[in-house]
Amino acid sequence: MPNLAEKGQDPNSLNKIVFPYPVCLGPVNGPNSCPAGQSSTTIPLSMVNPAAAAYLKDVYSHVPSPQNALSDQLASNQSNQFNADQQIARVDQTFNAVVSGFARLVHDSIPTVQGGGLFSPTAVPNVAQASTQNPGWNAAASLTFVFSPTLLNQVVYGWSFDAITTKNTGQLAASNSPDVVNAITLPYADAINNLPTLSFGASLGSLIAAGDYTDYSRNHGVFDNLTKIAGHHALKFGFVFNHYEKSESSSGNTSAMNSGTFSFTATPDTALSNGSDPSAEWHQEYANFLLGNTTSFSQLSQNLIAHIFQNEIEFYAQDDFHLRPNITLSYGLRYSLFRQPTDGNNLATSFVPSRYSSSSAPVIDNSGNICTPQTLPCDGTAATNPNYDTLNGIILAGKTSPYGTAVTNQANLSLQPRFGFTWDPSGQGKMSVRGGYGVFTDSTPVNNVEQSVFANRPFVQTITIYNAPLNNPAFARSSNNSVTNLTANAKWHQPYTQQWDIDVQRELPYDLILDIGYYGSKGTHLMGAVDINEPQPGSYATNPLIQNNPNFYC
């Protein structure tokens with residue numbers, strides 16, 4: 001962290017920033033690279049970028065000075081607060097000889113304070129504090145019907161609500177640092193009450209906070225279980241219905257934020273200090289910050305809120321058959337209908353390769369950027385494609401998606417057989433042989449759709465601007481890099497796992513038990529991420545477009 005002299009607050013060094021070792025005021029890239037006459041141990045305040053001056057006033061003035069003024073190393077503690085309170089109410093009632101039930105209500109309150117902020121805690125004190133509320137409600141009601149000694153039915157309804165609401169209370173909160181807000185003209189308006197992140201290559205000096213954040217989850221579930229004893233059979237039938245809702249803001253992702261991120265990376269000219277500067281990288285990057293010379297700026301165009309909905313319904317039938325006193329068979333079948341997650345505002349998107357048309361593809365220049373009339377001149381080409389479609393191959397939920405409000409196909413046939421047995425060969429309770437096989441279907445995770453809402457075009461985009469002026473990053477020319485889309489496989493298959501086992505137990509003298517078992521598991525269509533643009537092995541070595549590109553290095 002900068003010391004008093006590096007913050008311009010040293011009464012003995014008025015009107016200037018003073019470094020303990022020389023830094024380069026011009027472009028620098030390693031030893032002996034600083035242009036002649038452009039190194040100094042001081043930067044006049046008149047040369048400090050207006051946005052950097054605002055950070056010094058609003059943010060750095062609240063950061064303690066480092067104990068070591070030469071290395072700028074600061075050791076500090078940040079306190080966290082955690083308070084939990086829970087109330088439970090329950091009523092049990094027997095209505096008559098047939099019907100009984102209960103109702104339960106649980107409330108949790110967990111207010112917390114994170115000294116270093118939420119999600120990506122920063123080591124710098126007083127800048128990223130967050131105040132978080134974590135309320136939770138849970139309600140359940142159950143009715144049990146005992147129709148006869150051999151026939152029982154239970155119906156259960158459950159509801160739960162959970163939330164995470166976080167307020168940025170440190171100096172990186174826009175409401176606490178109005179000078180910084182007024183000093184920077186962002187390409188897109190900040191909607192999360194957060195200042196742009198300052199990301200230094202010397203990462204411990206970075207200033208980052210998550211901003212205001214909300215996450216709400218609601219669950220509704222209905223369960224019914226019917227049990228019937230018939231001779232040597234114990235029959236069970238039932239169904240489960242679950243409706244899930246999740247509403248979350250994208251501000252939880254600190255790697256791409258609506259408030260923006262300035263990056264400062266530098267390879268210092270260590271010859272300026274004859275190699276004696278222990279924090280040469282940090283000093284040079286901090287000097288670049290003061291001068292307003294950024295490496296890059298990136299910003300998410302808006303803070304979208306995903307409203308995810310998902311429904312699941314399952315039916316099952318099971319029989320425990322006591323074939324003989326020493327043999328029991330257990331077999332059953334479960335059917336699961338897991339619906340694909342959808343967004344309540346139809347913001348979900350996906351990429352379908354079969355819908356991609358090469359005639360609508362963009363022209364790519366030698367730097368790997370998309371070349372359009374708006375980005376000319378491009379590197380090594382002046383060609384553009386007038387038919388370029390930014391949504392080439394993209395499907396939009398509720399609009400162009402062939403799956404309605406979903407962005408991939410639904411799996412409708414998820415049958416899961418289960419079988420097991422127990423056998424006591426001697427019938428004396430001294431030995432047991434157990435075995436079984438089952439198929440278990442996995443539900444579709446909602447984060448696949450949720451993350452696509454946060455990242456995919458056309459509703460949101462991330463811009464990157466290189467060498468952007470600190471006080472006005474939109475003034476510089478933005479890079480038109482290729483678009484990364486988070487997508488779901490158009491040929492979706494329900495993930496499932498097969499499990500099997502056989503186990504033998506034998507009681508031995510002296511209260512010992514011998515247990516020998518074999519257990520197996522096989523997953524099919526399990527969730528995973530695949531880069532569908534990944535080149536085949538050897539393609540770089542044989543592609544003349546790459547080999548003849550001066551920016552390509554083997």
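1. Start with what packs around α3. In this predicted model, the cover over the buried residues of α3 includes β1, β2, α1 (50–58), β10 (197–200) and β13 (261–264). Eleven of the twelve residues of α3 are buried, so the rest of the structure largely encloses this helix. If you want to click through them, the buried ones are A280, W282, H283, Q284, E285, Y286, A287, N288, F289, L290 and L291.

2. The geometry of α3 checks out. With twelve residues at 1.5 Å a residue, α3 should span 16 Å, and its end C-alpha atoms sit 17 Å apart, which agrees. Just after the helix comes G292, with a positive phi near 80°.

3. α3 also turns up in a cavity wall. The second largest cavity holds about 70 Å³ of space. It is lined by 13 residues, and those closest to its centre are P22, P268, D269, D277 and A280. At least two lining residues come from β1 (16–24), and at least two from α3 (280–291). Which element gives the largest share of this lining? That would be β1, with four residues. Sorted by class, the lining has seven nonpolar, four polar and two charged residues.

4. On to the largest cavity. Three cavities of 30 Å³ or more exist in the structure, and the largest has a volume of about 90 Å³. Its lining is made of 13 residues, with V407, N448, V449, T487 and A488 the closest to the centre. Helix α4 (residues 447–455) provides the largest share of that lining, three residues. What does the lining of the largest cavity look like by class? There are six nonpolar residues, seven polar ones and no charged ones. So much for the holes; now the sulfurs.

5. Searching the whole structure gives two disulfides. As a reminder, a disulfide is a covalent bond between the sulfur atoms of two cysteines. Counting bonded cysteines along the chain, the pattern is 1-2, 3-4.

6. Take C24 and C34. Their disulfide has an S to S distance of 2.1 Å, and the torsion about the S-S bond is about 90°, so the disulfide is right-handed. C24 belongs to strand β1 while C34 is in the loop between β1 and β2 (39–44), so the pair ties together parts ten residues apart in sequence. Are these cysteines buried or exposed? C24 is buried, at a relative accessible area of 0%, and C34 is buried too, at 14%. The cut-off for buried is under 20%. Keep in mind that β1 also contributes to the lining of the second largest cavity and to the cover over α3, if you are looking at this part of the model anyway.

7. The other pair is C371 with C378. Here the sulfur atoms are 2.1 Å apart. The torsion about the S-S bond of C371 and C378 is about 95°, so this disulfide is right-handed. C371 counts as buried at 2% relative accessibility, and C378 is buried with a relative accessible area of 13%.

Note on methods
Residues are numbered from 1 along each chain as its sequence is written. This is a predicted model: local features need pLDDT of at least 70, side-chain atom pairs count only at pLDDT 80 or more; totals for chains, interfaces and linings use all residues. Side-chain values use heavy atoms; hydrogens and water are left out. On a 1 Å grid over the protein atoms alone, a cavity is a set of points where a 1.4 Å probe fits but cannot get out, and a pocket is an open set with protein on both sides within 12 Å along at least five of seven lines; lining residues have an atom within 4 Å of a point. Grid points are joined across faces, edges and corners, and a volume is the space filled by probe spheres set on the points. Ala, Val, Leu, Ile, Met, Phe, Trp, Tyr, Cys and Pro count as nonpolar, Asp, Glu, Lys and Arg as charged, and the others, Gly among them, as polar. A disulfide is a pair of cysteine sulfur atoms within 2.5 Å. Buried means under 20% relative accessible area, exposed over 50%, partly exposed in between (1.4 Å probe, protein chains only). The expected span of a helix is 1.5 Å times one less than its number of residues. Contact means heavy atoms within 4.5 Å.
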